[in-house]
2 protein chains.
Amino acid sequence: MSRAATSSDVFNAVAEPHRRAILDFLATEERPVGEVVRALGLAQPSVSKHLRVLREVDLVCVRRDGRRMLYRTNAEAIRPLHQWASTFERLWAHQLRRIKERAESKRR
Amino acid sequence: MSRAATSSDVFNAVAEPHRRAILDFLATEERPVGEVVRALGLAQPSVSKHLRVLREVDLVCVRRDGRRMLYRTNAEAIRPLHQWASTFERLWAHQLRRIKERAESKRR
DNA sequence: TTGACATATTCCCGAATAGGCATATAATAT
DNA sequence: ATATTATATGCCTATTCGGGAATATGTCAA
């Protein structure tokens with residue numbers, strides 16, 4: 001064994017900055033691959049590969065339109081991530097206070 | 001160039017399941033490394049390495065206590081992730097509806 | 001059918017990864 | 001000083017990754 005879970009996982013899929021950019025771009029409306037390529041300035045094969053990863057974890061959905069493929073972000077698939085992050089939400093205020101205290105005690 | 005941003009990035013740091021487990025475990029109170037090792041059943045060097053990555057992106061903070069190091073999750077550092085995910089929050093309800101429509105039209 | 005267009009896939013590469021293991025560093029106890 | 005405990009680091013390997021370039025697949029138009 002060497003590396004963990006790999007990208008068949010939402011957290012991993014989203015770890016790639018370009019993929020986040022793609023998700024942002026496809027959030028509101030469906031777009032063909034070519035537009036993603038133009039918008040993000042990436043190479044077409046690169047975009048296709050990223051879209052494949054995103055598709056595999058259901059972060060985007062596809063639809064064929066003639067010879068084009070229309071992709072759109074499946075926001076629902078981002079929920080697990082949001083929920084996990086929310087777990088820590090309550091601690092923010094509390095910890096901000098603690099951090100200040102720590103900073104001051106370090107300056108002993 | 002070969003790979004993107006790497007783990008000097010919160011999204012990447014959190015992509016590793018074990019690291020998320022560590023963050024969960026250290027969320028409420030600070031703990032020495034040994035306890036993380038016992039709790040998660042990982043090898044000690046492995047835990048130390050994960051903690052290093054988490055420290056580098058400020059997801060945990062450390063404090064020395066005698067010969068032990070007390071780690072604790074810095075929930076504040078998870079905010080960017082939460083905020084990014086929140087971007088898509090509004091679309092959830094809307095998309096759930098769309099997905100249903102799609103499912104029905106596919107069953108043409 | 002042939003050609004043009006849109007997208008996907010394959011192969012190659014260098015870089016980065018996590019884990020296993022041995023060892024180094026740090027701090028206390030004797 | 002030395003042993004012991006707690007943690008960190010270094011090295012090694014197999015695996016994975018993203019990008020580039022070339023090519024395959026699929027769809028429409030003529």
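**Exercises: helix crossings, a buried valine and a two-fold pair**

H2(A) crosses H3(A) in a right-handed way (right-handed if the near helix is turned clockwise from the far one by less than a right angle, left-handed if anticlockwise). We're working on a predicted model, where local features need pLDDT of at least 70, side-chain atom pairs count only at pLDDT 80 or more, and totals for chains, interfaces and linings use all residues. Residues are numbered from 1 along each chain as its sequence is written, while chains are lettered from A and ligands numbered from 1 in the order in which they are written.

**Exercise 1.** Work out how the axes of H2(A) and H3(A) are arranged, and which residues meet.

*Solution.*
- Step 1: the axes of helix H2 (residues 17-25) and helix H3 (residues 33-40) of chain A come within 11 Å and cross at roughly 120°. Helices here are DSSP runs (H or I, at least four residues; strands are E, at least two), numbered from the N terminus. Axes are lines fitted to C-alpha atoms, for helices over the stretch in contact, with angles from 0 to 180 degrees between N-to-C directions.
- Step 2: that angle makes H2(A) oblique to H3(A) (under 35 degrees is roughly parallel, over 145 roughly antiparallel, 65 to 115 roughly perpendicular, the rest oblique).
- Step 3: on the H2(A) side, A:His18, A:Ala21, A:Ile22 and A:Phe25 meet A:Val36, A:Ala39 and A:Leu40 of H3(A). Contact means C-beta atoms, placed from the backbone, within 7 Å.

**Exercise 2.** Is B:Val60 buried or exposed, and what does B:Val60 touch?

*Solution.*
- Step 1: find B:Val60 in strand S2 (residues 60-65) of chain B.
- Step 2: B:Val60 is buried because 23 C-beta neighbours sit inside 10 Å (buried: 20 or more other C-beta atoms within 10 Å; exposed: 12 or fewer; partly exposed in between; C-beta atoms placed from the backbone).
- Step 3: skipping neighbours within four places in sequence, the contacts of B:Val60 include B:Leu26, B:Leu51, B:Tyr71 and B:Asn74.

**Exercise 3.** What relates chain B to chain A, and which elements of chain B touch chain A?

*Solution.*
- Step 1: a turn of 180° and a shift of 0.1 Å along the axis lay chain B on chain A with an RMSD of 0.1 Å (least squares on C-alpha atoms of residues with pLDDT of at least 70 in both).
- Step 2: that's the relation of a two-fold axis.
- Step 3: 26 residues of chain B are in contact with 25 of chain A. Helices H1 (10-15), H2 (17-25), H5 (79-86) and H6 (89-106) of chain B each give two or more residues to that side.
- Step 4: the copies meet through the same surface, since 96% of the interface residues of chain B are also interface residues in chain A.

Key: Contact = placed C-beta atoms within 7 Å.
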